[in-house]
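Trainee: Could you take me closely through one part of this model, and then show me how that part connects to its surroundings?

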Amino acid sequence: MKKRGLVLSMTAIAMAAGLMAGCTNKQAAATAQTEAAADTFNPDKEAGVSIEELREKLGDVPKLEGEVKLGAVAKSFDNEYWRTLREGYGEYQTKAAASGYNITIDVTSAQGENDEQGQLSIVKDMINKKYTGLLLSPISDGNLTPGVEDAKKAGIPVINVNDGLIANADSFVGPKADQNGELAAEWIAEKLGGKGKVAIVIGMPKAFAARQRTEGFENWMAANAKDIEIVAKQNAD
């Protein structure tokens, strides 16, 4: 099985499962610093490619020989978003089987969105069990970096799927988080009639997407709703 074909297949799976906006290939120095990954790679600043563009350019998902066993690790299923992504992986596996693909996607998560070491342990266990590839959604921008280093040594490709960043993953699949913040700001400004006071609950600031959504929200308000005052910001971790 050629690794490039497998990486393309994994990228297509991640995009289809989550209905994500874009994919970017990247190679960068690994780091354990929470925000260092965003300094070396920022998907919001990359052109990326949409799932429609990927399909047009590459065609159907390549036929792969033998069984493909993928491990997908989410942040926590306490959060509805990650439960929805799990459902997307399951739907893709069903459709792939109907089309003659022998693809299994085992989807699991950490016990909670603060369980960084637990999430890393799941990844290391999947590496030891020799999964074909990994689809990883890290809790923070650094907690899964050691696991990805181990995966690379074992020849296992890794796709970084949304939220936190993994600087040394093969590819990133996810939306442009700052645009999500802009859309939220536009919606709130419309509901408030362009005037009022708002507070921001950031989420978990150690995750790239939370910081970028906040930045997008603030920038849109500053540029388009000068009569709306942001009176407070509070982390939610």
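I would like to begin with Lys152: what is its relative accessibility, and what does the residue count as on that basis?

Mentor: This is a predicted model, and what follows should be read with that in mind. Lys152 has a relative accessibility of 30%, and it therefore counts as partly exposed, since buried means under 20% and exposed means over 50%. Its side chain meets that of Asp170 in a salt bridge, at 3.3 Å from N to O. Because Lys152 belongs to helix H6 and Asp170 to the loop between S5 and S6, this pair ties together parts of the chain that are 18 residues apart in sequence. The two partners are not equally accessible, for Asp170, with a relative accessible area of 10%, is buried, whereas Lys152 is partly exposed.

Helix H6 takes part in another pairing of this kind, through Asp150, which forms a salt bridge with Lys124, and here the closest N and O atoms are 2.6 Å apart. Lys124 lies in helix H5 (residues 116-128) and Asp150 in H6 (residues 145-153), so this contact ties together parts that are 26 residues apart in sequence. Here both residues count as partly exposed, Lys124 at 31% relative accessibility and Asp150 at 28%. As a general point, side chains of opposite charge can pair when their charged atoms come close. The structure holds six salt bridges, and one of them joins Arg211 to Asp141, with 2.7 Å between the closest N and O atoms. That pair links distant parts of the chain, Arg211 being in helix H8 (residues 208-224) and Asp141 in the loop between strand S4 (133-136) and H6, 70 residues apart. Both Arg211 and Asp141 are buried.

The loop that carries Asp170 runs between S5 and S6, and these two strands deserve a look of their own. Strand S5 (residues 158-161) pairs with S6 in the parallel sense, over three bridges, and Val161 has Val173 in S6 as its bridge partner. Strand S6 (residues 171-174) is covered on both faces, with Ser171 and Val173 buried on one side and Phe172 and Gly174 buried on the other.

Val161 also leads inward, to the largest nonpolar core, which has 18 residues; those with the most contacts inside it are Leu70, Tyr89, Ile103, Ile105, Leu135 and Val161. Two or more residues of this core come from each of strand S2 (68-74), H4, strand S3 (103-109) and S5, and H4 gives the most, with five residues. A second, separate core of 16 residues includes Val123, Met126, Ile127 and Val148. In soluble globular proteins, nonpolar side chains tend to be buried together.

Helix H4 shows how its two sides divide. The residues Trp82, Leu85, Gly88, Tyr89, Tyr92 and Ala96 of H4 are buried, and because they cover an arc of only 105° around the axis, they fall on the same side of the helix. The face turned away from that buried side carries the exposed residues Glu80, Glu87, Glu91, Thr94, Lys95, Ala97 and Ala98. At the start of H4, a side-chain oxygen of Asn79 reaches to within 2.8 Å of the backbone nitrogen of Tyr81, and after the helix comes Gly100, whose phi is positive, near 90°.

Notes: Residues numbered from 1 in each chain as written. Predicted model: local features only at pLDDT ≥ 70, side-chain atom pairs only at ≥ 80, totals over all residues. Heavy atoms only, no water. Buried < 20%, exposed > 50% of the residue type's maximum accessible area, 1.4 Å probe, protein only. Helix = DSSP H or I, 4+ residues; strand = E, 2+ residues; numbered from the N terminus. Pairing = 2+ DSSP bridges. Arc of directions from axis to C-beta. Polar contact = N/O pair within 3.5 Å; in protein donor to acceptor, adjacent residues only side chain to side chain. Salt bridge = Lys/Arg side-chain N within 4 Å of Asp/Glu carboxyl O. Core = buried A, V, L, I, M, F, W, Y, C linked by side-chain atoms within 4.5 Å.
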